[in-house]
Amino acid sequence: MQRLSPFTIAEEMLQNADQAGLTRTSAPLGPQTMAAPSPYTDVRAADDAQAYNNNRMMEQNINQNTFTAMQQAGVDGKRSVQKMQLVADNEEYLENSFLQQRLGEVLSMMNAPATLAMGNMPPSEMAAFRTDIATGKAMAMGVNPDLVMNQVNEQRYG
């Protein structure tokens, strides 16, 4: 028996049922349904492949630009904070250097060599010097120096 139609019975029933939604979303009728041109499978053979590819490339471009812009905004924010911190540190350094200069002038006017030597010490050496004085005084009074240092640190740091 020879077929009158190249379509299968199911394909003919679907076509005759006039269900536009199913026909529209289904594969094209015929034996070459898997080889039909589509922007997803064979871009060269598709009729509307150029518009699809243009939209796809534009979306990729937007996504890539957004991603790099987010990274750059993060870096810019970090550098801005670092710059503001550097400016604040420089201002503090200038204030401290001015203070040290004035302190040196006052100590030189007092004309006391020990006070002048203490005034020229950096803060870390000055703290060690004061600690040594407190330890020596505590030992001279017969008190444990650790107890004295604990009390001094408590008063200093609260």
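**Close-up views of a six-helix model**

The protein exposes about 13,500 Å², and carbon and sulfur atoms supply 59% of that area, where accessible areas come from the Shrake-Rupley method with a 1.4 Å probe and, for residues, only the protein chains shown count as cover. This is a predicted model, in which local features need pLDDT of at least 70 and side-chain atom pairs count only at pLDDT 80 or more, while totals for chains, interfaces and linings use all residues. Residues are numbered from 1 along each chain as its sequence is written, and side-chain values use heavy atoms, with hydrogens and water left out.

**View 1. The protein as a set of helices.** The secondary structure comes to six helices and zero strands, and from the N terminus on the elements run α-α-α-α-α-α; helices (H or I, at least four residues) and strands (E, at least two) are DSSP runs, numbered from the N terminus. Of the 158 residues, 9% count as buried, a word that stands for under 20% relative accessible area, with exposed meaning over 50% and partly exposed lying in between (1.4 Å probe, protein chains only). Among contacts (heavy atoms within 4.5 Å) between residues at least 6 apart in sequence, 0% join residues at least 24 apart.

**View 2. A salt bridge within helix H3.** Glu105 forms a salt bridge with Arg102, and their closest N and O atoms are 3.1 Å apart; the term requires a side-chain nitrogen of Lys or Arg within 4 Å of a carboxyl oxygen of Asp or Glu. By this rule the count comes to one salt bridge. Both Glu105 and Arg102 lie in helix H3, three residues apart, which is about one turn of the helix. Glu105 is partly exposed because its relative accessible area is 35%, and Arg102 is partly exposed because its value is 36%.

**View 3. A negative patch that includes Glu91.** Asp89, Glu91, Glu92 and Glu95 form a negative surface patch. Patches are made of residues with over 30% relative accessible area and no salt bridge, like charges being joined within 9 Å and nonpolar side chains (Val, Leu, Ile, Met, Phe, Trp, Tyr) within 5 Å. Lys and Arg count as positive and Asp and Glu as negative, whereas His and the chain ends are not counted, and the place of a charge is taken as NZ of Lys, CZ of Arg, CG of Asp or CD of Glu. Glu91 lies in helix H3, which covers residues 49-110, and it counts as partly exposed because its relative accessibility is 46%.

**View 4. A nonpolar patch that includes Met141.** Met141, Val143 and Leu147 form a nonpolar patch on the surface, with about 310 Å² of accessible area together. Met141 is placed in helix H5 (residues 123-141), and it counts as exposed because its relative accessibility is 63%.
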